[in-house]
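User: I would like a close look at a single part of this model, with some care about how far it can be trusted. Please take the largest pocket as the part to examine, and then place it beside the sheet.

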Amino acid sequence: MKNIQTVLPLRNYPVHFEIRKKGSRVIPIEINPLRFAGAGTTDLGYHAYGMNMYEHYFSGTKPDWNRILEEMDDRIYSFFFAEVPLEINPEDVARIDHDGLCHEFEHVLEYRQLPFQNDRSVAIIFYGSEDLNENLQLLHLDLIPYLTIKHLVFN
């Protein structure tokens with residue numbers, strides 16, 4: 001970070017910073033400006049607490065946590081990141097059954113379809129649950145039934 005700061009002398013500026021450790025070397029992989037966390041996870045604060053974290057950051061304000069927690073319901077707010085399973089080549093996927101996948105969730109707050117052709121990312125789903133049971137079930141969710149695989153045609 002100090003080496004990067006010699007090129008980009010930024011202070012109090014949000015970035016999402018990814019690194020890879022190779023032996024004793026730390027190698028930066030990517031630096032994304034104006035991101036507090038990867039894959040939109042910062043937006044969980046919007047769905048759970050009704051606040052825009054970016055707005056607070058740029059305004060220099062702090063949430064009124066006492067009021068927020070007092071008004072908050074007992075739901076558990078969660079984030080699910082769906083990917084093409086490792087045993088499937090993303091290039092072999094013709095389409096994703098987003099409607100079917102969406103029905104795996106009890107109370108969807110937001111469903112973001114992702115362009116899976118670029119990488120393994122299929123969707124980001126923000127959802128609310130009455131308890132942790134849904135989260136425990138989703139840990140074992142098989143996504144293969146929601147994929148349509150291209151058929152090979154031989155001449």
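What is the mean pLDDT of the chain, and what share of its residues reach 70 or more?

Analyst: This is a predicted model, and the mean pLDDT of the chain is 87, with 94% of its residues at 70 or more. Confidence within the chain is highest in helix 5 (residues 98-102), at a mean of 97, and lowest in helix 1 (residues 2-7), at 80.

Helix 1 also matters for the part you asked about, since helix 1, strand 1 (15-22) and strand 2 (25-33) are the elements that give two or more residues to the lining of the largest pocket. That pocket has a volume of about 260 Å³, and its lining is made up of Met1, Ile4, Gln5, Leu8, Leu10, Arg11, Asn12, Tyr13, Val15, Phe17, Ile31 and Pro33. Sorted by class, nine of the lining residues are nonpolar, two are polar and one is charged.

Turning to the sheet, three strands form an open sheet in the order 3-6-5, with antiparallel pairing. Strand 3 (76-83) and strand 5 (107-113) are the edge strands, and each has a single partner strand, so one side of each is left without a neighbour in the sheet. On average, neighbouring strands of this sheet are turned by 15° against each other when direction is ignored. The antiparallel pairing of strand 5 with strand 6 (residues 121-129) runs over six bridges, and glutamine 113 stands opposite alanine 123 in strand 6.

Note on methods: Residues are numbered from 1 along each chain as its sequence is written. This is a predicted model: local features need pLDDT of at least 70, side-chain atom pairs count only at pLDDT 80 or more; totals for chains, interfaces and linings use all residues. Side-chain values use heavy atoms; hydrogens and water are left out. Two strands pair if DSSP finds at least two bridges between them. Helices (H or I, at least four residues) and strands (E, at least two) are DSSP runs, numbered from the N terminus. Axes are lines fitted to C-alpha atoms, for helices over the stretch in contact, and angles run from 0 to 180 degrees between N-to-C directions. pLDDT is the predictor's confidence in each residue, from 0 to 100. On a 1 Å grid over the protein atoms alone, a cavity is a set of points where a 1.4 Å probe fits but cannot get out, and a pocket is an open set with protein on both sides within 12 Å along at least five of seven lines; lining residues have an atom within 4 Å of a point. Grid points are joined across faces, edges and corners, and a volume is the space filled by probe spheres set on the points. Ala, Val, Leu, Ile, Met, Phe, Trp, Tyr, Cys and Pro count as nonpolar, Asp, Glu, Lys and Arg as charged, and the others, Gly among them, as polar.
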